[in-house]
Amino acid sequence: MRGPTAPKDPTKKRPSLYIMLDRAIAGMPAQDGSCRDCNFMEGRLIEQVSGICGDVDPDILKLLEHMDGFVKLVHSIGVSITAMQEEEKGESVEFTMQCYGKVDKYATGTNVRAVCPCDGEEVTILVSESGINEKDDIIGAFLFNFLGKCKSATVTLKFYLNDGYEVPEQEVDPPVDFESEAYRNMIGRSLLGVGNALRLKKAIEKAKRGEDVVIAYIGGSITQGAGAKPIHTKSYAYLSYQGFCDLFAKESGANVSFVKAGVGGTPSELGVIRYEKEVTAYGEVQPDIVIVEFAVNDEGDETKGICFESLVRKIANAPNAPAVILNFAVFMNEGNLEDRLVPIGEHYDLPMVSVKAAMVPQFRKDTVMTKRQYFYDIYHPANAGHRVMADCLIQLFQKADEAEMPPADSDFSKAPLLGSEFEKIELVDAENIDAYGKVTQNGFDFTDQELQYVERDENNFSTPEFENGWAKAFGTKEAVFEMKLACRNIILVSKDSGNVQFGKADIYVDGVLVRTADPLANGWDHCNPQIILNECGSGEHTVKIVMHPGDEEKRFTILGFGVTR
């Protein structure tokens, strides 16, 4: 008879870098019919690792910039997924690490896949057996495809390192106490001022009386809900709307409507163009309160604040006189554009909240919530961060309700602080061009269906942005787009892409080359506004768009124009 055998030696515990740590993920309907959570890493991976892991040797982080360094550094990938609902822990989720290719990032890259149980068991993928090869350039995205009934989970994703590489062992943060005095004090710091609360108080009084009230949100990806899981119910916009309903509305918010118009990667330069279409539905919706959030998106605003001020005035000078609230989000690097935008709020005595003022001091001392807990990635809040942003706004609602009614409204007709030349700008596209001017084109009649998609209002599905444009197909030559109209400024809205079939286009105004638009400069499908005309007076102008020499056969998509007549 044999006695008991000695157990096998335990697997060597390798040092690891956390890419995600107990992060919430949620399956959302994708365009291909799948149910997926997408996490794009292009240009973000190193900062995300630093945000979670703290002080890591810069030479180790540098190896993550490209796949050749990744292969040297990483021994294996560890993925553990836990369903949020106990009864769904028998389900599975397919994990994919999507590598972007060196030649065509979407076509020649390797997809590293593994099906993971939702019971928290770690699945390990050996890099040596993953298929990664010399054609791979960078890690582009981490995708989670929900294969069954489970639609929400938490994930921990780790890179286990090869021999010879050492990193600090990760410490787990204590849970956030959302009911503590320290948390309330943190939220208290966010209030930059109630400002002239007359309009906001009137909206609150309407809600209390049971009258219809509309709260609208316009901004970038944070307003869209990026990082919130699920995006349609855990975004700061929806949570603060719910908070308003809980405070003031009759019948659990039955008389309060919600409009969400956040678009990822876009500044107020685009927001001022799409406001009527996406917030007011060209006058069919009259919001009582509009929250504006562009403090982390407006680095790309060519006008350095003029478009933001134009948007504020566009909203405030509407016939129904809605309240305007400025909401300043923050990036993981602790930066935003408050220095530029707060003076605009002060100029019009607007209610303002600063998430930066709430969060940044406590990151350094008397920490209530760590960066790992607040941020989903280097740009976007996680669920906890979205809750913080919502609580900042809810506090503002409460303070406005408690404040005395001002004797008079703010003056939104006075001279602007920076400028307001885009206040009356309008969206012009293929649907309404006949009301503004005339378009003649040869070869710009292709239907581009690969547009930027966003989740609007309370929807958990996405719909296309700027769907009524003009597009040139791949392979056609000598394509020409020409538009004639009377106006004083024009902002071209074109599509950026990561597809190598796209090429540069030359933009002429009145026969003069004013810009060469390069859709590949930013590398992903999204809407890009660019000023091509800005004059003091209105006049007849001709816009001509042709492909740049050498790119004649390539694609280009005109999404529309912002035009002031």
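**A friendly walk through the model**

1. Strand 3 and strand 8 (residues 136-146) are a good place to start: they pair in the antiparallel sense over five bridges. Within this pairing, N39 has F142 in strand 8 as its bridge partner. Please keep in mind throughout that this is a predicted model.

2. On its own, strand 3 (residues 35-40) shows an alternating pattern of side chains. C35, D37 and N39 point to one face and are buried, whereas R36, C38 and F40 point to the other face and are not.

3. Strand 3 also has a partner in strand 2 (residues 28-29); the two run antiparallel and are joined by two bridges. Here P29 stands opposite C35. Strand 2 and strand 3 form a hairpin with five residues between them, and G33 in the turn has a positive phi of about 90 degrees.

4. Next, have a look at helix 10 (residues 306-316). Is this helix mostly covered or mostly open? It is mostly covered, with eleven of its eleven residues buried. Among them are F308, L311, V312 and I315, but also the charged-group carriers E309, R313 and K314. The buried residues of helix 10 pack against helix 5, helix 9 (268-278), strand 13 (289-293), strand 14 (323-328) and helix 11 (338-347).

5. R313 of helix 10 deserves a point of its own. Which residue does R313 meet in a salt bridge? The partner is E423, with the closest N and O atoms 3.0 Å apart. E423 lies in the loop between helix 14 and strand 16 (426-428), so the pair ties together parts that are 110 residues apart in sequence. R313 is buried at a relative accessible area of 7%, and E423 is buried too, at 12%.

6. For the wider picture, a search of the whole structure finds 29 salt bridges. Some of them share partners, and in this way R274, E278, R456 and E465 are joined into one network.

7. Helix 14 (residues 383-402) takes part in a salt bridge through R387, which pairs with E179. The closest N and O atoms of E179 and R387 are 3.8 Å apart. Because E179 lies in the loop between strand 9 (152-161) and helix 4 (181-188), the pair ties together parts that are 208 residues apart in sequence. E179 is exposed, with a relative accessible area of 60%, while R387 is partly exposed at 31%.

8. D401, also in helix 14, forms a salt bridge with K208 at 2.8 Å, N to O. K208 belongs to helix 5 (residues 198-208), and the pair links distant parts of the chain, 193 residues apart. Both residues are partly exposed: D401 has 27% relative accessibility and K208 has 37%.

9. Finally, a few backbone details to check as you browse. Most residues other than glycine have a negative phi, and most peptide bonds are trans. Where does a cis peptide bond turn up? A cis bond joins K229 and P230, with omega about -5 degrees; P230 lies in the loop between helix 6 (221-224) and helix 7 (231-234).

10. K304 has a positive phi of about 55 degrees although it is not a glycine. This residue lies in the loop between strand 13 and helix 10 and is partly exposed, with a relative accessible area of 44%. D349 likewise has a positive phi of about 55 degrees without being a glycine. D349 lies in the loop between helix 11 and strand 15 (352-354) and counts as partly exposed at 39% relative accessibility.

Key: Residues numbered from 1 in each chain as written. Predicted model: local features only at pLDDT ≥ 70, side-chain atom pairs only at ≥ 80, totals over all residues. Heavy atoms only, no water. Salt bridge = Lys/Arg side-chain N within 4 Å of Asp/Glu carboxyl O. Helix = DSSP H or I, 4+ residues; strand = E, 2+ residues; numbered from the N terminus. Buried < 20%, exposed > 50% of the residue type's maximum accessible area, 1.4 Å probe, protein only. Pairing = 2+ DSSP bridges. Contact = heavy atoms within 4.5 Å.
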